[in-house]
Amino acid sequence: MLTLDKVYHASYVLKDVIRPTDMIKATNLADDFELYLKTENLQITGAFKARGAYYKISQLSDEERAKGVIACSAGNHAQGVALAASKYGIKSLICMPDSAPISKVEATKSYGAEVCLVEGTYDDAHDKAVELQQQTGATFIHPFDDELVIAGQGTIGLEILQQLADVDAIIVPIGGGGLISGVAFAVKSLNPNVKIYGVQSSGAPSMYISMAQGHIETLPSVNTFADGIAVKTPGELTFDICSHYVDEIMTVTDDETATAILSLIEKQKLISEGAGAVSVAAALFNKFPLKGKKVCCLVSGGNIDVTILSRVIDRGLQKTGRLSEFTVALTDKPGELNTVSKIISKLGANVVAVSHDRADLNTDINSCYLRLSLETRNHEHIQKIKDELARHGYKIVQ
């Protein structure tokens with residue numbers, strides 16, 4: 001049974017290992033409520049997962065430690081298990097989906113773990129880990145459906161209440177449900193009036209659907225760049241805890257998450273991975289009733305693969321109207337490109353890419369397509385540019 005005593009014991013065990021992460025007031029992200037960020041993206045290993053993994057491994061018997069540990073993870077739990085195992089001198093084997101970011105795979109290896117890449121999703125890695133556990137007798141360290149792991153994650157809830165005693169609502173990312181289960185249990189046990197809101201990616205809404213249906217549902221597939229919460233089946237224990245302690249769960253799109261990542265970079269100078277930013281996305285896009293409230297968003301991790309960071313930033317720029325791409329149909333004659341450029345320049349936009357296409361079969365013989373990529377201020381700015389081009393007789397194709 002999960003108890004508040006276990007959460008406090010976890011806090012005691014972790015006090016010399018885990019960093020009590022800062023609570024930062026985000027003064028320029030929200031207008032009609034007070035927004036604070038619990039920065040678990042600045043935790044050791046770059047994510048909250050080290051808490052639960054370390055506490056679980058700390059409670060193993062000498063016999064269990066001698067046989068080693070095995071785990072499955074999209075990356076953050078892997079690093080937490082690897083770090084804890086190395087601290088205790090335990091052999092660790094981590095099964096990871098082959099789609100896991102290279103940075104997370106290499107980081108896991110750097111902590112001393114053996115990594116087994118498994119074709120497919122997190123759930124496929126889980127099945128492989130269970131198979132290997134049965135063969136080796138190693139202790140399986142579940143990433144979320146384990147009361148000791150949940151107790152470790154619950155220490156975040158204790159910290160939030162210490163740092164922001166009058167918090168009205170806490171928004172927490174959900175994958176399999178271990179993080180929100182620990183936070184919700186700890187917080188509600190101490191202050192039942194605090195609202196606990198959960199957020200999933202719309203491309204992996206397993207807990208969202210399960211809660212709506214009243215029983216655990218397994219998704220046929222998941223599709224989101226927020227790999228840390230791309231889980232097809234929530235845990236049995238976490239589903240039960242969420243059913244009792246979580247007030248509401250909503251989803252956010254990948255575009256909304258990308259916008260949140262961009263906002264955190266620009267306005268708070270913080271790097272978050274997709275899974276960590278869904279809580280902020282939910283706040284920014286009004287998924288919950290937060291007006292006038294004191295709100296804490298849990299930024300659960302910062303281990304984003306730098307190879308996709310630029311794409312995420314571009315998507316965030318497009319979502320907020322900071323980057324625009326459209327095509328103009330014009331007559332193929334001298335001076336047309338210069339005229340279009342002057343219109344754009346006069347309105348204060350910056351051209352970053354141009355493609356001049358005469359060969360498109362959909363154009364007239366004496367016409368061409370001019371494809372433009374612009375740096376703009378917002379969506380209103382984009383529309384103003386399009387209106388001015390139209391006023392000069394140019395047709396916007398798309």
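**Close-up views of a predicted model**

**View 1. The largest nonpolar core and its best-connected members.** Of the 33 residues that make up the largest nonpolar core, the ones touching the most other members are Leu 35, Leu 37, Ile 171 and Leu 290. Several elements each supply at least two residues of this core: strand 2 (34–39), strand 7 (169–173), strand 8 (195–201), helix 11, helix 12, strand 10 and helix 13 (306–319). The largest share, 7 residues, comes from helix 12. Please keep in mind that this is a predicted model.

**View 2. The surroundings of Leu 35.** Which residues does Leu 35 contact, leaving aside its neighbours within four places in sequence? They are Ile 24, Lys 25, Ala 26, Leu 29, Ala 30, Ala 283, Val 295 and Cys 297. Apart from the core of View 1 lies another core, of 25 residues, and among them are Ile 180, Val 194, Ile 196 and Cys 296.

**View 3. Helix 15 and its buried face.** Helix 15 covers residues 379–391. At 1.5 Å a residue, its 13 residues should span 18 Å, and the end C-alpha atoms are indeed 18 Å apart, which agrees. Its buried residues are His 381, Ile 382, Ile 385 and Leu 389. Seen down the helix axis, these buried residues fall within an arc of 105 degrees, so they line one face of helix 15. What covers them includes strand 11 (323–331), helix 14 (336–346), strand 13 (367–375) and strand 14 (395–396). On the face turned away from the buried side, you will find the exposed residues Glu 380 and Arg 391.

**View 4. The two ends of helix 15.** How is the N-terminal end of helix 15 capped? Asn 378 does this, with a side-chain oxygen that lies 3.2 Å from the backbone nitrogen of Glu 380. Helix 15 is followed by Gly 393, which has a positive phi, near 95 degrees.

**View 5. Two loop residues with positive phi.** Most residues other than glycine have a negative phi, and here are two that do not follow that pattern. Lys 269 is not a glycine, yet its phi is positive, about 60 degrees. Lys 269 sits in the loop between helix 11 (254–268) and helix 12 (274–284). Is Lys 269 buried or exposed? With a relative accessible area of 67%, Lys 269 is exposed. Asn 286 also has a positive phi, near 55 degrees, and belongs to the loop between helix 12 and strand 10 (294–299). The relative accessible area of Asn 286 is 58%, so Asn 286 is exposed.

Definitions and conventions. Residues are numbered from 1 along each chain as its sequence is written. This is a predicted model: local features need pLDDT of at least 70, side-chain atom pairs count only at pLDDT 80 or more; totals for chains, interfaces and linings use all residues. Side-chain values use heavy atoms; hydrogens and water are left out. Helices (H or I, at least four residues) and strands (E, at least two) are DSSP runs, numbered from the N terminus. Buried means under 20% relative accessible area, exposed over 50%, partly exposed in between (1.4 Å probe, protein chains only). A nonpolar core is a set of buried Ala, Val, Leu, Ile, Met, Phe, Trp, Tyr and Cys residues joined through side-chain atoms within 4.5 Å. Contact means heavy atoms within 4.5 Å. The expected span of a helix is 1.5 Å times one less than its number of residues. The arc is that of the directions from the helix axis to the C-beta atoms. A polar contact is a pair of N or O atoms within 3.5 Å; within protein, one must be able to donate a hydrogen and the other to accept it, and residues adjacent in sequence count only if both atoms are side-chain atoms.
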